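Reader: I would like a close look at one part of this model. Please take me through a pair of helices and the pocket beside them.

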Amino acid sequence: MKHLLAASLAFSSFAAIAQTADTKTTQPEPTQHTFVIKEFRTESGVVLPEARVVYGTYGHLNAAKDNAILLPSHYMAEMHGYDWLIGPGKALDPTKQFLITSELFGNGRSSSPSNTPEPFHGPRFPVTTIRDNVEAVHQLLTTELGVQHLKAVIGFSMGAQQAFQWAVSYPTFMDRVVATSGTAKTYGHGIVRLESQIDAITADPTFNNGDYTVQPKKGIETFNLIWTAWLFSQEWWRQELWRTEEPAGTTFKQVVEKYRTHFIDGADANDLILQMRTWESNDVGATPGFNGDVEKALASIKAPVLYMPSATDLYFPVTDAQYESKFIPHVTLLPIPSLWGHPAGAGASPADASFLNDHIAAFLKIARAD
């Protein structure tokens, strides 16, 4: 079994890091769907005449409609973003569970700045919050699929942000919650990092306040490089662990250039910015009824939570998870012992993938057949 560190993360984003190639098994494929909401009111008060949520499904919903698990997407990811967790020998089995992989607004497939007509095209698309995404998917589940309860919500990165918001907004809607490499609130340092990446894009004169005629290539390349600097741990770079995934003879300079030019191939600048704004605004304390009190919001969570930060994550430091876990009533805090930084939460190395699948399966009380 060989894990491939993709040169291009494209729509699958961090999940491509954890993509597994196994000649003995075939990776299950999701079926793509689109859910359309007419007159969708965002948290900011802007009403989109038509909001579209692209999502994938694996397996079949049983007659009782009680075998569903939701896996909300992470930054710029699409419905394949949880391949590291789905399939033979992994924690989730589509022959037993009905798996739903929803795609965030702004990924270029669900409603986004790049694919929405005026008056909301490009920079005029409203900032959509994590709660907006949760509300849209709640409508999808309850009205289109007829799912009134989930066995679990499992999320990585921005998917973890959504998992926490689900647990606060709909505390009895799921049996269990799993959050890897993501927190219930974006704290100041994370906002500063994201602002630096937004500035990198907008500083390119081609950006033209978001009304560009060609993608701001230099701005996106600078964004790519800043993002890469935070992606893996410092020790990952010192030990040159990139060599475990690159062809023999690859140089450090070539690795850096690859990330600079191919981090998220084909992405639209306004889409990149929109999802960063979504990330920045993440805060379960801002949920109606909690008056900005993140601790009170976390204390309201009823479902058992498996909280799995990466021990070396620079996006979501383990100290943030340690702080938040103190307020969650039924929480298991289990840091991932990895040098792979943020992507450890998506099974970036074989050891990470095994750690995640073993513990998630046990938490969900699912027997794995390796």
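Author: Contact here means heavy atoms within 4.5 Å. The model is predicted.

Start with the two helices. Helix α4 covers residues 217-231, and helix α6 covers residues 252-262. Their axes come within 7 Å. They cross at roughly 125 degrees. That angle makes α4 oblique to α6, because it falls outside the ranges for roughly parallel, roughly perpendicular and roughly antiparallel. The crossing of α4 and α6 is right-handed.

Now the residues that meet. From α4 come Glu221, Asn224, Leu225, Thr228 and Leu231. Across from them, α6 brings Val256, Tyr259, Arg260, Thr261 and His262. By type, the residues of this contact divide into 4 nonpolar, 4 polar and 2 charged.

Next, the pocket. This is the second largest pocket, with a volume of about 150 Å³. Its lining includes Gln215, Lys217, Ile220, Glu221 and Asn224. Further along the chain, Thr261, His262, Phe263, Ile264, Asp265, Gly266 and Ala267 also line the pocket.

Both helices take part. α4 and α6 each supply at least two residues of the lining. α4 gives the most, with 4 residues. The lining residues divide into 4 nonpolar, 5 polar and 3 charged.

The contact and the pocket share residues. Glu221 and Asn224 of α4 meet α6, and Glu221 and Asn224 also line the pocket. On the α6 side, Thr261 and His262 belong to the helix contact, and Thr261 and His262 are in the pocket lining too.

Technical notes
Residues are numbered from 1 along each chain as its sequence is written. This is a predicted model: local features need pLDDT of at least 70, side-chain atom pairs count only at pLDDT 80 or more; totals for chains, interfaces and linings use all residues. Side-chain values use heavy atoms; hydrogens and water are left out. Axes are lines fitted to C-alpha atoms, for helices over the stretch in contact, and angles run from 0 to 180 degrees between N-to-C directions. Angles under 35 degrees count as roughly parallel, over 145 as roughly antiparallel, 65 to 115 as roughly perpendicular and the rest as oblique. A crossing is left-handed if the near helix is turned anticlockwise from the far one by less than a right angle, and right-handed if clockwise. Ala, Val, Leu, Ile, Met, Phe, Trp, Tyr, Cys and Pro count as nonpolar, Asp, Glu, Lys and Arg as charged, and the others, Gly among them, as polar. On a 1 Å grid over the protein atoms alone, a cavity is a set of points where a 1.4 Å probe fits but cannot get out, and a pocket is an open set with protein on both sides within 12 Å along at least five of seven lines; lining residues have an atom within 4 Å of a point. Grid points are joined across faces, edges and corners, and a volume is the space filled by probe spheres set on the points.
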